[in-house]
Amino acid sequence: MDRSPRNSGRLTKAPPEPREQGESPDREPDPIAPPAHVAGSGTLDRLAETARDYARQAVATNTLKAYARDWAQFTRWCRMRGADPLPPSPELVGLHIADLAAPRGKARALSVASIERRLAGIGWNYAQRGERLDRKDRHIATVLAGIRRRHARPPLQKEALLPEDLRAMLATLPHDLRGLRDRAILLIGFAGGLRRSEIVRLDHGREDTPDSGGWVEILEDGALITLRGKTGWREVEIARGSTDPTCPVHALTQWLHYARIDFGPLFVAVSRNGRKATADRLSDKHVARLVKRCAAEAGLRPELPVEERRRLYSGHSLRAGLASSAEIDERHIQKQLGHASAEMTRRYQRRRDRFRINLTRAAGL
């Protein structure tokens, strides 16, 4: 019997079942399948496929892609060190996140937030394979606590776009089909306080496409967007603006009219000659690139170096801009942004409320 310190006084896990030739931990697991002791049938197979469809809808598409990348990077890291990622080993995962925080060679160290996201992706992938990774195990928890203590920095907040900033950005857009589309994206994103993924997943009508994240109705007083967000379905009201050049509803109707969109994705690519809207839905990266480009062309924050200005703005700047600009009751902002808590909304109102209350003078100094 092995009396080594490693095995003394503790139960060891049974060795994993040998994988069939060609099977790899990178292979996409199938968590939905009829029980092994039940004979297969057409009805059960159809139900299993339906269950798989529902399971795929449980997590956002972008999150699934990120988790897939996390697992691929982790399994590659294991292979390069002669280790097997299955079954879960807290010791191995602890070494992995330590390497992410302080890598050797030319690899770039990841931020604390990125490491925590990687850890969530690895845990999710283990769960899909019927395994459980205990993130509270000391080999993971203590290493992660040390990483947070040594490397944690205040979150980098994107610059909020104020109304005057947005007007300057709109003025840089051409008056062609692409310009109409991008103008509508900026104004709808700002006035609706929408995330960039929420903007591009909108359809013209309800259930126009399988990957729809919501739809829009043009009403007399404005546009009503029914949106599937992080906190579930919600309605976002976008009222008409004071003038046509800055009215989000006017910009949207102009785009829909000239692009001849009456079905399917709301925001799509434009043909190379710029004369026709295609059927291809834009990606959320288009919104980020659009904000960065227009902010640069509008000359926002000219005192900063070019690269720093590019990092300062993103698609999130539209969402932060509404919360930072609207001088209304906090609960209305919270509802528009779809925040579950008022505390999250207050983080967005950072520029509007900064130094509004002078506690120094209130204390008598």
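Let's start on the surface, where K65, R69, K285 and R289 form a positive patch. The model is predicted, so treat what follows as a guided tour of that prediction. A search of the whole structure finds 13 salt bridges, and a few of them appear below along with a hairpin and some unusual backbone spots.

**The positive patch**

- Two helices, α2 (61-80) and α10 (284-297), each contribute at least two residues to the positive patch.
- One of the patch residues, R69, sits in helix α2.
- How exposed is R69? R69 has a relative accessibility of 48%, so it counts as partly exposed.

**Salt bridges to look for**

- R148 and E116 form a salt bridge, and their closest N and O atoms are 2.6 Å apart.
- R148 belongs to helix α5 (residues 138-151) and E116 to helix α4 (residues 112-128), so this pair ties together parts that are 32 residues apart in sequence.
- Both ends of this bridge are partly exposed: R148 has a relative accessible area of 38%, and E116 has one of 26%.
- Which residues form salt bridges with D182? One partner is R181, with the closest N and O atoms 3.1 Å apart, and another is R293, where the closest N and O atoms are 3.7 Å apart.
- The bridge between D182 and R293 links distant parts of the chain, because D182 is in helix α7 (residues 177-192) and R293 is in helix α10, 111 residues apart.
- Is D182 buried or exposed? Its relative accessibility is 4%, so D182 counts as buried.
- R293, by contrast, is partly exposed at 36% relative accessibility.
- Salt bridges that share partners also join D70, R117 and R118 into one network.
- R181, the other partner of D182, is buried, as is D182.

**Strands and a hairpin**

- Strand β5 (residues 268-270) pairs with strand β6 (residues 277-281) in the antiparallel sense, over 2 bridges.
- Within this pairing, V270 stands opposite A277 in β6.
- How many residues lie between β5 and β6 in their hairpin? There are 6 residues between them, and G274 in the turn has a positive phi of about 75°.
- Elsewhere, V216 is found in strand β2 (residues 214-218).
- V216 has a relative accessibility of 8%, so it counts as buried.
- V216 and R206 are 10 residues apart along the chain, and their C-alpha atoms are separated by 8.0 Å.

**Backbone spots worth a second look**

- As background, most residues other than glycine have a negative phi, and most peptide bonds are trans.
- Which peptide bond is cis? The bond from L86 to P87 is, with omega near -5°.
- P87 is placed in the loop between α2 and α3 (90-101).
- R260 is not a glycine, and its phi is positive, near 55°.
- You can find R260 in the loop between α9 (248-259) and β5, and at 76% relative accessibility R260 counts as exposed.
- R301 has a positive phi too, of about 50°, although it is not a glycine.
- R301 lies in the loop between α10 and α11 (306-312), and with 29% relative accessibility R301 counts as partly exposed.

How values were computed:
Residues numbered from 1 in each chain as written. Predicted model: local features only at pLDDT ≥ 70, side-chain atom pairs only at ≥ 80, totals over all residues. Heavy atoms only, no water. Patch = residues over 30% accessible without salt bridge, like charges linked within 9 Å, V, L, I, M, F, W, Y side chains within 5 Å. Areas by Shrake-Rupley, 256 points an atom, 1.4 Å probe, with all protein chains shown as cover. Salt bridge = Lys/Arg side-chain N within 4 Å of Asp/Glu carboxyl O. Lys, Arg positive; Asp, Glu negative; His and termini not counted. Charge placed at Lys NZ, Arg CZ, Asp CG, Glu CD. Helix = DSSP H or I, 4+ residues; strand = E, 2+ residues; numbered from the N terminus. Buried < 20%, exposed > 50% of the residue type's maximum accessible area, 1.4 Å probe, protein only. Pairing = 2+ DSSP bridges.
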